[in-house]
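Please read the following report with the sequence and the three-dimensional view side by side, and look up each residue as it is named.

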Amino acid sequence: MEKEQTQVQVNLDKLGIQNSKDIFYNLSYDDLYAHELHPEMLGLKKGVVSKLGAVAVETGSFTGRSPKDKYIVEDDLTRDTVWWANGNPSGSDNKPLSPEAWEILKKISVEELSGKKLYVMDGFCGANLDTRMKIRLITEVPWMAHFFKNMFIRPTEEELWDFQPDWTILNACGTTFSDFEKHNMRSEVFVAFNIKERMTCIGGTWYGGEIKKGIFSIMNYFLPLKGIGAFHCSANQGRSGDTALFFGLSGTGKTSLSTDPKRALIGDDEHGWDDEGVFNFEGGCYAKCINLTEEREPDIYRAIKRDALLENVDIDAEGHIDFASAKKTQNTRVSYPIYHIENIVKPISKGTHPKNIIFLTCDAFGVLPLVARLSKEQAMYHYLSGYTAKVAGTELGVTEPQATFSACFGKAFLTVHPVKYAEILAEKMDLHGSSAYLINTGWVGGQYGVGHRFPITDNRIIIDHIFNGELDSAEYEHLHTLNLDIPKGLSGLKSQLNPRDAWENKEEYDRVCRKLAQMFVDNFKTFTDSSMGKALEAAGPQLS
């Protein structure tokens with residue numbers, strides 16, 4: 001690897017990173033394991049071994065992404081192509097950064113990484129050879145190098161020999177930017193992108209997900225501008241070669257429901273859709289593991305072994321993990337290479353053009369039906385809405401669920417306007433005859449605190465019925481306020497299909513239903529400044 005070490009050193013010098021003590025390039029899992037457990041690794045750099053064999057780490061005060069600290073350099077390339085933040089809560093997270101501020105952030109990132117022992121990792125984002133990006137991570141934290149190796153597609157030795165990155169990540173988590181107010185920034189933390197220079201600088205946050213989701217945001221810039229779909233979704237494939245996409249925000253069951261023993265997993269989070277079909281962006285999975293059990297999620301549980309990386313779990317001195325504990329965060333996570341799941345599409349994570357599109361929502365208001373069949377226009381409406389609901393919090397006076405609308409089920413990762421992604425999805429669905437469904441994994445019989453959550457077994461049965469064609473032949477009824485068509489009867493379910501029938505107080509259901517419908521209507525005003533958005537209003541809930 002002498003040639004590679006020299007090449008990497010030259011590239012670091014070009015970036016301004018000086019006096020590196022040691023450069024560890026594309027370490028094996030065994031070498032990363034030794035480094036992250038080494039006694040000299042202190043504080044947040046250090047990992048511990050769990051009884052399951054996976055290394056566990058902590059990410060400090062940031063146990064999730066910090067979208068309010070996300071910036072993109074505004075210049076002649078991005079000014080008219082990026083979907084910029086406009087102060088609207090339903091709008092973009094892409095805050096503009098001046099070229100002058102970028103130079104300062106890059107300088108302090110380079111200074112943080114200079115004179116250090118560094119870990120340099122190379123990988124691909126995108127299983128499609130024609131559109132994949134070559135990504136390089138530079139960090140002083142071995143477990144972040146481990147995270148990168150898990151999540152990105154791992155190059156062969158031959159591919160590494162002359163690897164030249166298309167995008168570089170300077171992960172300078174140990175530094176912060178004290179002069180942030182002068183440059184119209186929110187805090188001393190920054191996740192900054194320069195599309196012209198093809199570089200990310202990260203400072204002040206130790207959350208590994210910033211590495212993964214930052215590159216997803218970049219793929220979400222380049223691919224849609226080429227007319228290629230870039231989607232926040234999981235994907236799997238049946239034995240007959242039929243592909244399905246699962247869209248949903250965190251906590252809706254996207255990873256769990258796409259991991260199906262009867263179907264091979266393509267990927268659990270980020271995919272493209274081009275003229276050949278669907279392709280995974282990643283080489284691994286990043287699953288939530290709060291309340292994880294082997295009985296409920298056997299594939300994810302069994303993937304937690306040597307080479308997997310746990311984040312912020314409650315682990316004792318002997319290495320025992322309490323998966324039910326939210327002591328550090330509800331957002332406990334595990335990353336692992338995709339081959340830790342036995343039933344995957346091989347040798348490349350690619351699939352056919354999707355036959356079925358499934359939107360998952362966890363409706364804590366208890367209003368939405370277990371399943372609804374969507375027209376193309378309804379699919380676009382619900383895709384742009386990206387609705388789910390969180391349960392009531394512990395703050396004084398907060399007693400009802402909190403609605404969340406995230407455009408395209410991934411607002412935080414959208415770099416161009418949401419309508420662009422919706423247009424591409426509609427074109428692909430039209431061209432390939434894809435069907436769309438809305439599935440509720442949330443509450444029934446009342447909102448949170450009154451009703452109960454749909455059994456995951458019912459959600460799985462519904463998905464089976466989609467794949468076996470039973471929903472195609474079902475008889476449907478129309479829910480006027482929600483403007484949704486639901487099947488009158490399906491076999492094997494414990495739950496009622498008409499959500500109003502499950503409420504004891506029908507008048508209260510009608511009140512809450514209209515309240516949620518109004519939330520949909522108000523949120524969708526974000527998109528009615530385009531002809532497509534205006535035309536789709538009729539596909540959503542109706543209050544008249």
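In which helix is His35 found? His35 belongs to helix H2, which covers residues 29-36. Helices (H or I, at least four residues) and strands (E, at least two) are DSSP runs, numbered from the N terminus. This is a predicted model, in which local features need pLDDT of at least 70 and side-chain atom pairs count only at pLDDT 80 or more, while totals for chains, interfaces and linings use all residues. Residues are numbered from 1 along each chain as its sequence is written, and side-chain values use heavy atoms, with hydrogens and water left out.

**The chain as a whole**

The chain contains 14 helices and 30 strands, and its C-alpha trace spans about 70 × 50 × 50 Å along the principal axes. A compact globule of 544 residues would have a radius of gyration near 24 Å, and the 23 Å of the chain agrees with this; the radius is taken over C-alpha atoms, and the globule rule is 2.2 Å times the number of residues to the power 0.38. Of the 544 residues, 60% are buried, where buried means under 20% relative accessible area, exposed over 50%, and partly exposed in between (1.4 Å probe, protein chains only). Among contacts with a separation of 6 or more, 73% join residues 24 or more positions apart, a contact being heavy atoms within 4.5 Å.

**Three buried residues**

The table sets out three residues with their places and relative accessibilities.

| Residue | Place | Relative accessibility |
|---|---|---|
| His35 | helix H2 (residues 29-36) | 17% |
| Gly204 | loop between strand S10 (199-203) and helix H6 (209-222) | 16% |
| Thr361 | strand S22 (residues 354-361) | 1% |

Leaving aside neighbours within four places in sequence, His35 is in contact with Phe24, Leu27, Met41, Tyr119 and Pro142. The side chains of His35 and Tyr119 are also joined by a polar contact of 2.7 Å, that is, a pair of N or O atoms within 3.5 Å; within protein, one must be able to donate a hydrogen and the other to accept it, and residues adjacent in sequence count only if both atoms are side-chain atoms.

Gly204, not counting residues up to four places away in sequence, touches Phe62, Ala172, Cys173, Thr175, Thr176 and Val189. With the same kind of neighbours left out, Thr361 touches residues including Thr252, Leu368, Tyr387 and Gly442.

**Empty space**

Rolling a probe the size of a water molecule over the atoms shows where empty space is left. On a 1 Å grid over the protein atoms alone, a cavity is a set of points where a 1.4 Å probe fits but cannot get out, whereas a pocket is an open set with protein on both sides within 12 Å along at least five of seven lines; lining residues have an atom within 4 Å of a point. Grid points are joined across faces, edges and corners, and a volume is the space filled by probe spheres set on the points.

The structure holds five cavities of 30 Å³ or more, and the largest cavity has a volume of about 80 Å³. Helix H6 gives the most to its lining, with four residues.

The second largest pocket has a volume of about 390 Å³. Its lining has 21 residues, of which Ala127, Ile153, Pro347, Ile348 and Ser349 lie nearest the centre.
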